[in-house]
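Hello,

Here is the structure I promised to pass on. Have a look at it first, and then read my notes below.

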Amino acid sequence: MDEVIIKSDVLCVGGGIAGLMAAIRAAELGANVVIAEKANILRSGSAGLGCDHFRVYIPEFHGKDIEPVVEEVWHSQVGWTRTKEFIRKWMERSFDIVKLWDSWGIPMKYEGRWEFSGHAFPGRPFTTLKYSGQNQKAILTKEAKKRGVKIINRVMMSELLFRDGLIGAIGVDTREDKLLIFLSKSIVLSTGGCVRLYPSPTPGWMFNRADSPSTTGDGRAMAYRAGAELSNMEIPMRWAGPKYFARCGKATWVGVIKDPNGKPVGPFLKKPDRRYGDAIADVYKSLFEDYTRSGKGPLYMDCRGISNDDYKYMMYWMKHEGNTAIVNHLIEEGIDIRKNPVEFMTYEMTTRGGILYNEKAETSLKGLYAAGDEYFGGVSCAATFGWIAGENSANYSKKKDISEIKNFKDEIKEKKAFLEDIKNRKHGSSWQEVNIALNQIMFDYAGSIRYENLLNAGLNQLQRLKEKTHKTIIAKNPHELMRCLEVLNLLDIAEVIFLAVIERKETRDKFFRLDFPFQNPLLDGKRLVCKLKHNRPSFEWRKIDT
């Protein structure tokens, strides 16, 4: 593999919302910035096709007191694993991002006003702004280029290099036989969530996912191997949407979730209301599974009775949420949601946790920042903390020197030899075979049914699969090598999840253990932190306010 050396003050790993915002801000502050993106930055990541919700505090809408909004976000499905200081910083800076985006050409108002709807409960503060995000990635890419950010598409980042304050990273070109060696003063990790751990709603179609199937936990896997701390890896995250058609956007539907007899299953809405949507699936994640198992299902999103104006409103936001595929499918099949309820289901499980970073976007490693690298807070959190990460990484870089390649000679040689071995194998397992085996293990042993004996058996299966994969996985070209590296990252994350689930001996919120069906008060206000120590995972319970 040919070696290419790339130097920068700030390296942004991942060109999603967080990575682009970090790059823009760091470049504004005078840093030489490089973005390394696995796909094409114009449409990459889970926000690549759009989004229509942005969590924000707007004084002219909410009033001068920010605290009710902070409380609402902190108590919501996205807030409880974070400190209030983190939530407050997010809300304080969020309106600045909204105004910036609007000035850059991302429409943040609807018909000239701030439009709040969805992900809200009757009588409680609205926190999610509706905005027209269909072309946000193209617009943010343009802003990054204006500021001189260098964008390198089609590079799979594989390993972080951290030693005695020296910083670097290794990437693989996904089209040509090249090894890219990045030497930088600081790094921002912004690689999105962790998809493809569990089976899709249609296991025969591995990439039928609610979020981008290319977001495979690469940032957190690299951070973990480099010695950074991960947090909340045991906390599950689930989505809901149309049966077999995995797409986000449940809160964009103007309807009520009902049983086969037409009875609403939640207490929040009795008839469609476009300001609220039906929040029952936000608070009751296993709703659809439980109704099926109890014989009371299936359940339906029922939009019957909505006005033509509400229908147009919903279709407008569906487009900006990136759900044009669903809209087109309904049209092609002649399905009118004003007359036909649509069956909904629970989508695959993944982890809500990720790299542990504070309100300054700092991780536990000096010079390493993170934003958007977990399923927390959506586009708004990614954009806001991406901006903050850009500020702080640029300022940090002003005091540092760029590393020299000789400092990482041994690590590069070892990684290169491993990659060459994968490419040169004549026989072995494809990345698809390994990914499917991983999906099966996660579903069977660490799915919605969890208890220690089952988890230990699954961990044993997983570790056998991981050991075998390192010896046998094979890539016939650079694209397959990228997929192999994704699967190896998923295996590392899966092992942490198994161990973290075993460590949390309680049932809390959306985390359920059959052998510990109670909430342990000794764990109130604590998070489970994991890091590698002496090449072994180590866990620590830590107060959330520290």
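Before the sheet makes sense, one definition helps: two strands count as paired if DSSP finds at least two bridges between them. Please also keep in mind that this is a predicted model.

With that in hand, start at strand β9. In β18, Leu-230 has Cys-530 as its bridge partner, and Ser-231 has Val-529. Those strands, β9 (residues 230-231) and β18 (residues 526-533), are antiparallel and joined by 2 bridges, so they meet the requirement of at least two.

On to the neighbour of β18. Strands β18 and β19 also run antiparallel, with 8 bridges joining them. One of the partnerships here is between Leu-528 and Trp-541 in β19. The two strands form a hairpin with 2 residues between them, and His-534 in the turn has a positive phi of about 55°.

Put together, the open sheet has 4 strands in the order β16-β9-β18-β19, with antiparallel pairing. At its edges are β16 (354-355) and β19 (536-543), each of which pairs on one side only. Helix α15 lies across β9, β18 and β19, and runs at about 45° to β19.

Now the interior. The largest nonpolar core has 142 residues, and the members that touch the most others are Phe-54, Trp-101 and Phe-182. Helix α15 (residues 478-503) supplies the largest share of this core, with 16 residues. If you want a place to start looking, try Phe-54: leaving aside residues up to four places away in sequence, its contacts include Trp-101, Met-108, Leu-129, Tyr-131 and Val-379. There is also a second, separate core of 23 residues, with Ile-280, Phe-288, Met-318 and Leu-330 among them.

Last, helix α13. Its 15 residues (431-445) should span 21 Å at 1.5 Å a residue, and the end C-alpha atoms are indeed 21 Å apart, which agrees. Which of its residues are buried? They are Trp-431, Val-434, Asn-435, Leu-438, Asn-439, Ile-441, Met-442 and Tyr-445. These residues cover an arc of only 165° around the axis, which means that they sit on the same side of α13. The spacing fits a general pattern: an α-helix has 3.6 residues a turn, so residues three or four places apart point the same way. Among the elements that cover the buried residues of α13 are α14 (452-472) and α15.

Happy browsing, and best wishes

How values were computed
Residues numbered from 1 in each chain as written. Predicted model: local features only at pLDDT ≥ 70, side-chain atom pairs only at ≥ 80, totals over all residues. Heavy atoms only, no water. Core = buried A, V, L, I, M, F, W, Y, C linked by side-chain atoms within 4.5 Å. Buried < 20%, exposed > 50% of the residue type's maximum accessible area, 1.4 Å probe, protein only. Contact = heavy atoms within 4.5 Å. Axes fitted to C-alpha atoms, helices over the stretch in contact; angles between N-to-C directions. Expected span 1.5 Å × (residues − 1). Arc of directions from axis to C-beta.
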